[in-house]
Amino acid sequence: MSSISFSPSKEKKCACGVPLARLTGWTRENPGRKFRSCKFYDPITETRGCKAFEWVDEPDGTAWQTKVINNLLLDKKLMKGEVSDLKREIDNLSGQRRCLLNEIDSLKVINKALSCDSKQMHMEQRANSLNTYVVVVGICYFFFILGMLLVIKLG
Ligand SMILES: [Zn+2]
């Protein structure tokens with residue numbers, strides 16, 4: 001290739017004057033095949049700084065091996081999609097769990113307040129029944145004294 005030159009240190013440089021990048025191709029035709037090319041890659045235009053390109057190795061896979069590798073690559077891509085779906089689901093569930101824990105906390109606060117109210121009502125009820133008891137005993141005592149006075153007067 002005319003755009004590749006050797007530097008004094010025997011390192012191949014491209015027309016941009018920088019050492020070639022050693023990369024691996026993942027095209028359907030050459031999955032996993034190593035090559036050297038210009039390292040200035042523009043992902044938007046999918047072009048490199050210059051046209052420097054060379055295969056490092058000879059194609060060593062047979063057609064069925066290439067097919068198997070491509071199928072495995074497709075599986076890997078699908079599994080990556082599944083993994084990211086599952087990660088999203090886990091994030092959603094974590095959010096829901098946080099919401100539920102917050103709800104439990106606020107319900108605990110309400111429950112505590114209600115049990116305090118209930119305790120107070122219980123105590124008030126007890127005080128009321130004690131008052132009633134005192135009044136009844138007082139009335140009984142009054143009639144007892146009245147009866148005794150009548151007995152003393154009549155007797
Ligand atoms: Zn270059």
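Six bridges hold β3 and strand β4 (residues 31-37) together, and the two run antiparallel. Strands here are DSSP runs (E, at least two residues), helices are runs of H or I with at least four, and both are numbered from the N terminus; two strands count as paired if DSSP finds at least two bridges between them. Keep in mind that this is a predicted model, where local features need pLDDT of at least 70 and side-chain atom pairs count only at pLDDT 80 or more, while totals for chains, interfaces and linings use all residues. Residue numbers start from 1 along each chain as its sequence is written.

β3 and β4 make a hairpin, with four residues between them. Here are two pairs across it:

| Residue | Opposite it in β4 |
|---|---|
| Leu-23 | Phe-35 |
| Trp-26 | Pro-31 |

The hairpin strands belong to an open sheet of three strands, in the order β3-β4-β7, with antiparallel pairing. β3 (21-26) and β7 (53-55) are the edge strands with a single partner each, so each has one side without a neighbour in the sheet. From one strand to the next, the twist averages 35°, with angles running from 0 to 180 degrees between N-to-C directions, and axes being lines fitted to C-alpha atoms, for helices over the stretch in contact. As for general background, strands of a sheet pair through backbone hydrogen bonds, either parallel or antiparallel.

How many of the six residues of β3 are buried? The number is zero, so β3 lies largely in the open. Buried means 20 or more other C-beta atoms within 10 Å of a residue's own, exposed means 12 or fewer, and partly exposed is in between, with C-beta atoms placed from the backbone. Ile-44, in the loop between β5 (41-42) and β6 (47-48), is exposed because it has 5 other C-beta atoms within 10 Å.

Now for the chain as a whole. An automatic or database assignment sets the domain bounds, giving domain 1 (5-60) and domain 2 (61-155). Their centres, taken over C-alpha atoms, are 66 Å apart. Six residues from domain 1 and five residues from domain 2 make the contact, which requires C-beta atoms, placed from the backbone, within 7 Å.

Ile-44 and Lys-153 sit 109 residues apart in sequence and 122 Å apart in space, C-alpha to C-alpha. Residues 130-152 carry the UniProt annotation "transmembrane region", from an unreviewed entry; such annotations use the numbering given here, with shortened feature names, and may be inferred rather than shown by experiment. That span is 100% helix and 0% strand, and its end C-alpha atoms lie 33 Å apart.

Notes: Contact = placed C-beta atoms within 7 Å.
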